[in-house]
Amino acid sequence: SPAYVAPYLDKGSRVVLCELHPSDIETLRENSKDIFPSHQNVQIQLQCGFGFLRNEAEERMERVATSRSEELTMCLIDPPYEHPSEYQMIIQGLFDATKAFQRGTHILWYPLLRDNISEAVTKKSRALVKAKSALKRCLIGNAIYEIEMDINGRSPEKNNCDGDASESQNKPRSRRHSSLRGCGLMLVNPEDSVVEYLEADVFPAIMEAHPSSSNIDPRRMRIASQWV
């Protein structure tokens, strides 16, 4: 995620990267030297990103109350979705952030899951749908643009798989990958120019870019986007 964001940041931007797993934070520190070679204000913190976001939001709300000046902010959230508690943390985190960062754009990544793999995956898929609905209710008054890419070519609202035999591959896939049928982004308060760029340039490029080594059948891909 930091590598995707880095090219679009000004050299004077403040960058805060949060990593909860001690085994991964050293890798993040090493990679950040190459990702942000010209940035002086890069902080890497061993903590939950939601906790940082909540604390930062509370501090900024106090500063905004005493000052009208506010910097532009972009918050990228791509949690692992390993624990049920994360769904409520996402809702609370985005709600707090939009209250504190009035000039901010917030981006949430989420998986699209096949719900016929196992009972656990089905529960996770349904929990995600409920969390998204709750988010939209909490964020009333904010502009929300939603993008979903389904590699099975089915409607993003249908959390099922048609079981087409063409999906099977000679190389076995892990349970984690076999449960993933696509992914989505929820953009909160994006600039109009960003949405225009996505629709005019990015979506067509994704649909056209399919290396021969890819296991994805481009004829079954589907990208859906809408303001919600």
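Here are a few questions and answers about one helix and one cavity in this predicted model.

Q: How far apart are the end C-alpha atoms of helix H7 (residues 192-208), and why does that agree with what they should span?
A: Helix H7 has 17 residues, and we count 1.5 Å a residue. The expected span uses one less than the number of residues, so H7 should span 24 Å. The end C-alpha atoms agree with that, since they sit apart by 24 Å.

Q: At which residue does H7 bend?
A: Let's follow the helix axis along H7. It turns by about 40 degrees. The residue where this bend falls is Leu198.

Q: Which strands do the buried residues of H7 pack against?
A: Start with who is buried: in H7, that's Val195, Leu198 and Phe203. Buried here means under 20% relative accessible area. The buried residues of H7 pack against strand E5 (144-150), strand E6 (180-188) and strand E7 (222-227).

Q: Which helix gives the most to the lining of the largest cavity?
A: Searching the whole structure turns up one cavity of 30 Å³ or more, and the largest cavity has a volume of about 30 Å³. Helix H4 (85-100) and helix H5 (119-138) each supply at least two residues of its lining. With four residues, the one giving the most is H5.

Q: Which residue is the charged one in the lining of the largest cavity?
A: The lining is made up of Tyr81, Tyr87, Ile90, Leu108, Leu128, Ala131, Lys132 and Leu135. These divide into seven nonpolar, no polar and one charged. Lys counts as charged, while Tyr, Ile, Leu and Ala count as nonpolar, so the charged one is Lys132.

How values were computed. Residues numbered from 1 in each chain as written. Predicted model: local features only at pLDDT ≥ 70, side-chain atom pairs only at ≥ 80, totals over all residues. Heavy atoms only, no water. Bend = angle between axes of the 7 residues up to and from the residue. Buried < 20%, exposed > 50% of the residue type's maximum accessible area, 1.4 Å probe, protein only. Contact = heavy atoms within 4.5 Å. 1 Å grid on protein atoms, 1.4 Å probe; cavity = no way out; pocket = protein on both sides within 12 Å on 5 of 7 lines; lining within 4 Å. Points joined across faces, edges and corners; volume = space filled by probe spheres on them.
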